[in-house]
Amino acid sequence: MLARLSRPGDVVVTTGWWLLDVRYALGARAGGLRWLTFPASSARHPGWYDDRVAEAATNEAAALARRLAGIQASGHTVWMLRSPVLASDRLLAPAAGACGLVPVASAKPYWVLWGPARRLPGNPG
């Protein structure tokens, strides 16, 4: 779904261990997207990330929300690949809401892709 909906220059926030998996699945297309991870510590060792030891503080989520607001203000689209099974995922709810993101695809309980409603098929914009 992300491959169909995203465009070069879009920003993708991945949670937990999804960074490696999603970038691999997108192949060459992944190079045209900008990648952020939450919590930031998950980027250091994405294949071995353990949310039980995450330092995903509320202030890190708030800082990410501010960063994403700036990204959107500059005209870029934001996507979030969230992991509902991770405790840190609940910290992203305010950021997703502030960005106007809605669930667009999922394989619950493992992942939920959040994106802008205006990019959904059948919804011009």
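1. A pocket here is an open set of grid points with protein on both sides within 12 Å along at least five of seven lines. Keep that in mind as you look at this predicted model, because we will come back to its largest pocket after a look at the strands.

2. Let's start with strand E5, residues 111-116. Its partner on one side of the story is strand E4, residues 101-107, and the two pair in the antiparallel sense over six bridges. Three residues lie between E4 and E5, and together the strands form a hairpin. To find a facing pair, look at Val102, which stands opposite Gly115 in E5.

3. E5 also pairs with strand E3, residues 78-82, again in the antiparallel sense, over three bridges. Here Leu81 stands opposite Leu113 in E5.

4. Is E5 buried or exposed? Five of its six residues are buried, so E5 is largely enclosed by the rest of the structure. Buried means under 20% relative accessible area.

5. Now for the largest pocket, with a volume of about 220 Å³. Its lining includes Leu81 and Leu113, the two residues that stand opposite each other where E3 meets E5. Trp111 is also among the lining residues, as are Met1 and Trp18.

6. Which elements give two or more residues to this lining? They are helix H1 (2-5), helix H2 (18-26) and E5. H2 provides the largest share, five residues.

7. Finally, consider the chemistry of the lining of the largest pocket: ten residues are nonpolar, none is polar and one is charged. Asp21 is the charged one.

Key. Residues numbered from 1 in each chain as written. Predicted model: local features only at pLDDT ≥ 70, side-chain atom pairs only at ≥ 80, totals over all residues. Heavy atoms only, no water. Pairing = 2+ DSSP bridges. Helix = DSSP H or I, 4+ residues; strand = E, 2+ residues; numbered from the N terminus. Buried < 20%, exposed > 50% of the residue type's maximum accessible area, 1.4 Å probe, protein only. 1 Å grid on protein atoms, 1.4 Å probe; cavity = no way out; pocket = protein on both sides within 12 Å on 5 of 7 lines; lining within 4 Å. Points joined across faces, edges and corners; volume = space filled by probe spheres on them.
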